[in-house]
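The following exercises are to be worked through with the sequence and the model at hand. Each task is followed by a solution in steps.

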Amino acid sequence: MPVGRTGLVAAPQVFESVVDAIGHTPLVRLNRVTAAGGAAVYAKLESTNPGGSVKDRIALSMVRAAEASGELRPGGTIVEGTSGNTGIGLALVAAGLGYRTVVVVPDKTSREKIAILRALGAEVRVTPGGRPTHHPEHVRNLAARIAAETPGGWLAGQYDNPANPEAHYRTTGPEIWKQTGGRVTHFVAGIGTGGTVSGTGRYLSEVSEGRVQVIGADPEHSVYGGGDGRAYYIEAVGHFRHPETVEDEWPQSYDPEVLSRIERVGDAEAFAVIARLAREEGLLVGGSAGVSVAAALRVAAELSPDDVVVVIVPDSGRSYLSKYFDEDWVGRLGFDVGAPAAETVGAESWSGTVGFVPSTATVAEALEILGDAAALPVVLARPGSTEVVVAEILGAAVLSTLTAAPQGDLVTAHLDPPLPVVGIRETRTAAAARLADDPRPVLLADNGVITAILDRSMEEGVEWAFSRSA
Ligand code: PMP
C-alpha cells in the first residue's frame, strides 16, 4: 500500500503524484476471442498507466537511475528517440519532476501520439523513418546529437539502457506473479526494445524456477523472428532493417536467452485481432497488442484449461484512431475492412507482374525500366526481393520529369509524389471518391503489397482497366 507524503497511509489506488500512479495495472480475462478448451488468457492492460502505455514504467526507471548516477541534473533536458510512447512517459515524468523534454519520432508515428507529446509540453522532432542505422537522420542518431548539443542534455537511450528491462524485472514481473497467485504458466509480449519481454520474462522465469515459458511476439517481417526486416504497418514493435544497414545491432535491452520461442504475426492477422478485441471484448487496444494477443491465442489454443497465459497489452487503440481504426487507412493498403465482396474493388480482373524502379537506379536506368509507361513507383532497393511493400515506396518515377533530368543523377533526386494506392478489399465507392480527380496510374494493394499497376478510365462509377505493368 503506498504511503503518501502526508505520512498518512493512503487507501489502495490513491497516489500522491502522477509518478507514483505508474504501474499497478489490471489483468483482464479474454472471454470471447479465445478457443474453447484451451488455456485461460489474461491481458495485462498497460494502457491504464497515466501516460497510456507500458512505457511509463521505463521512463520513470531510466530517469531515477540517471538522477542517481548524476547524468541528469536539476533543470536538465531529457532527450529520446522513440516511436512515441517512451516519449510520452518521459514527458509526463519530466512534467512531474521539473525537466524539459525533446522527443525524436519517426514519421510513421501516429498523429495522436505526436499531439499528446506536444500537449504534455515536449518538443517534438519528426524524422524520416526508413533510414539506415548509420544515417545522421536516423531516429537514434538524431536524438544522440540533440542530447550532446543541448546544455544539461541527457539521452535516455531505452534501447541500451539497463534501467529499461530492470523496470519490468522490478515491477511488471512481480505484479503478474502476485495477481495470478503464481499460477501463470506462459508469458507473451511483443519485442520492440525488448525491455518488456526480457525484464518481465526473466523475473517470471526465475521466480517460477523455470516453469513459466516466455514467448516473444514479432511482426512477420521483423528480423527478431527471422524476417528480412522489410517494412510493416504495426508501429512500435519488431526490428526493421534498412537494406543499406551494414551492421545490424540489436538493442542491449533485448535478451533473446529469456525466450523459449517467437511467434511471428502478419499485419493482416494483427488488424483482425484488434478489430475482434474491440467488438467482442470491448477492449480498444493498439496494433502491437494485436501482434501479441494473436500470438497468445495461438499459444493458448495448444494448452489445457489449467494453464494461464498472460499477455501484455502495451497501449490503447485511442492512439491509433487515424490508422488501424480508420477504414480509409486500412482499406487503401488492401487490408480487410469488412465490406461485402460485391462492393469491393476486388483483384480478380487484374494480373501481371509489377514494375518498379529500385531506389539505387540512375535517371537513365529508370527511363529504361519505364519504357513507355507514364509512371512507376520508386521502391527502396532490397536485393533479392521483388515484392513491393507499400511502406517501402519512396515516390514515383515519372516519364516527363525524368526525360528533363540529368541522366547520371540518382532517380531519388527527381522523385514525383507517390502514385495513389487502392486496396482490393476497400469499397469501389471509397476508392472512387479518393481518386476522382487524380488522372495518374494507380497501384493495387493486397494486404500491404502491390499486386498490379492500373491505368484508369472512370466512366459510370469506377471502371478499372489494366494497362502495362512493365
Ligand atoms: N508496443 C508499443 C505500443 C510500444 O510502444 C512498445 C515500445 N516501443 C512496445 C510494444 C515494445 O515494448 P518493448 O520496447 O519493451 O519491447
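**Exercise 1.** In this predicted model, determine whether Thr196 is buried or exposed, and describe its surroundings.

*Solution.*
Step 1. Locate the residue: Thr196 belongs to helix α6, which covers residues 195-207.
Step 2. Apply the cut-off: a residue counts as buried when its relative accessible area is under 20%. The relative accessible area of Thr196 is 12%, so Thr196 is buried.
Step 3. List the contacts, leaving out residues up to four places away in sequence: Thr196 touches Val54, His168, Phe187, Ala189, Gly201 and Ile312.
Step 4. Look for a polar partner: the side chains of Thr196 and His168 are joined by a polar contact of 3.5 Å.

**Exercise 2.** Classify Gly216 as buried or exposed, and state which residues it contacts.

*Solution.*
Step 1. Gly216 is placed in strand β8, residues 213-219.
Step 2. Its relative accessibility is 0%, and therefore Gly216 counts as buried.
Step 3. With neighbours within four places in sequence set aside, the contacts of Gly216 are Ala189, Ile191, Val197, Leu259, Arg261, Ile262 and Glu263.
Step 4. For a distance along the chain and in space, take Val442: 226 residues separate it from Gly216 in the chain, and the two C-alpha atoms are 38 Å apart.

**Exercise 3.** Ser319 lies in a loop. Decide whether Ser319 is buried or exposed, and name the residues it touches.

*Solution.*
Step 1. The loop in question runs between β10 (308-313) and α9 (327-332).
Step 2. The relative accessibility of Ser319 is 11%, so this residue counts as buried.
Step 3. Not counting residues up to four places away in sequence, Ser319 touches Ser110, Glu112, Lys113 and Ile116.

**Exercise 4.** What is the sign of phi at His24 and at Ala236, and how accessible is each residue?

*Solution.*
Step 1. Recall the general rule: most residues other than glycine have a negative phi.
Step 2. Examine His24, in the segment before β1 (27-29). His24 is not a glycine, yet its phi is positive, at about 55°. Its relative accessibility of 41% is why His24 counts as partly exposed.
Step 3. Examine Ala236, in the loop between β8 and β9 (261-265). Ala236 is not a glycine either, and its phi is positive, at about 80°. Its relative accessibility is 35%, so Ala236 counts as partly exposed.

**Exercise 5.** Describe how domain 1 and domain 2 meet, and identify the salt bridge between them.

*Solution.*
Step 1. Set the bounds: domain 1 comprises 25-325 and domain 2 comprises 342-467. Their centres, taken over C-alpha atoms, are separated by 34 Å.
Step 2. Count the residues in contact: eleven of domain 1 meet eleven of domain 2.
Step 3. Consider the area: about 850 Å² is buried between the two domains, with 60% given by carbon and sulfur atoms. Of the area that domain 1 buries against domain 2, Arg230, Tyr233 and Pro243 supply 57%, more than any other three residues.
Step 4. Count the polar links: the two domains share one salt bridge and seven residue pairs in polar contact. On the side of domain 1 that touches domain 2, the residues are five nonpolar, three polar and three charged.
Step 5. Identify the partners: Glu387 forms a salt bridge with Arg230, with the closest N and O atoms 2.7 Å apart.

Notes
Residues are numbered from 1 along each chain as its sequence is written. This is a predicted model: local features need pLDDT of at least 70, side-chain atom pairs count only at pLDDT 80 or more; totals for chains, interfaces and linings use all residues. Side-chain values use heavy atoms; hydrogens and water are left out. Domain bounds come from an automatic or database domain assignment. Contact means heavy atoms within 4.5 Å. Buried area is the accessible area (1.4 Å probe) that two parts lose on being put together, summed over both. A salt bridge is a side-chain nitrogen of Lys or Arg within 4 Å of a carboxyl oxygen of Asp or Glu. A polar contact is a pair of N or O atoms within 3.5 Å; within protein, one must be able to donate a hydrogen and the other to accept it, and residues adjacent in sequence count only if both atoms are side-chain atoms. Ala, Val, Leu, Ile, Met, Phe, Trp, Tyr, Cys and Pro count as nonpolar, Asp, Glu, Lys and Arg as charged, and the others, Gly among them, as polar. Helices (H or I, at least four residues) and strands (E, at least two) are DSSP runs, numbered from the N terminus. Buried means under 20% relative accessible area, exposed over 50%, partly exposed in between (1.4 Å probe, protein chains only).
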